[in-house]
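I opened this entry to record what I looked up, beginning with the nonpolar core and then turning to a single residue and the whole chain.

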Amino acid sequence: MTELDPTRAKWVQMVAVIESRISDGTYPPGAKLPGILALCGEFSVAQVTARKALGDLRDRGLIRTENGIGSFVL
């Protein structure tokens, strides 16, 4: 489980962790990210928080999301 700082927005911290994993190659281009439920478990957050983090990553052009399939690194 990834520990988050309780004084900062959880979704912002999730974005930073996932972005770091993309940058360091943990999630290489084309890789499928863990699903919403897996992210919720890893970060101990609600689904809405995980979706907000993924939405931010998508809006910034780092991932693409296919409904019913998952999110993938660009």
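I first fixed the term: a nonpolar core is a set of buried Ala, Val, Leu, Ile, Met, Phe, Trp, Tyr and Cys residues joined through side-chain atoms within 4.5 Å, where buried means under 20% relative accessible area with a 1.4 Å probe, protein chains only. I noted that this is a predicted model, in which local features need pLDDT of at least 70 and side-chain atom pairs count only at pLDDT 80 or more, while totals for chains, interfaces and linings use all residues. Residues are numbered from 1 along each chain as its sequence is written, and side-chain values use heavy atoms, with hydrogens and water left out.

I looked up the largest nonpolar core, which has 19 residues, and found that Met14, Ile18, Leu33, Leu39, Ala50 and Leu54 touch the most other members. At least two residues of this core come from each of α1 (10-23), α2 (36-43) and α3 (47-59), helices being DSSP runs of H or I with at least four residues and strands runs of E with at least two, numbered from the N terminus.

I then checked Leu39, whose contacts (heavy atoms within 4.5 Å) beyond its neighbours within four places in sequence include Met14, Ile18, Ala50 and Leu54.

Next I turned to Ser71, which lies in strand β2 (residues 70-73) and is buried, with a relative accessible area of 6%. Leaving aside neighbours within four places in sequence, I listed its contacts, among them Leu33, Leu54 and Thr65.

Finally, I noted for the whole chain that the elements run α-α-α-β-β from the N terminus on, and that buried residues make up 35% of its 74 residues.

Methods:
Buried < 20%, exposed > 50% of the residue type's maximum accessible area, 1.4 Å probe, protein only.
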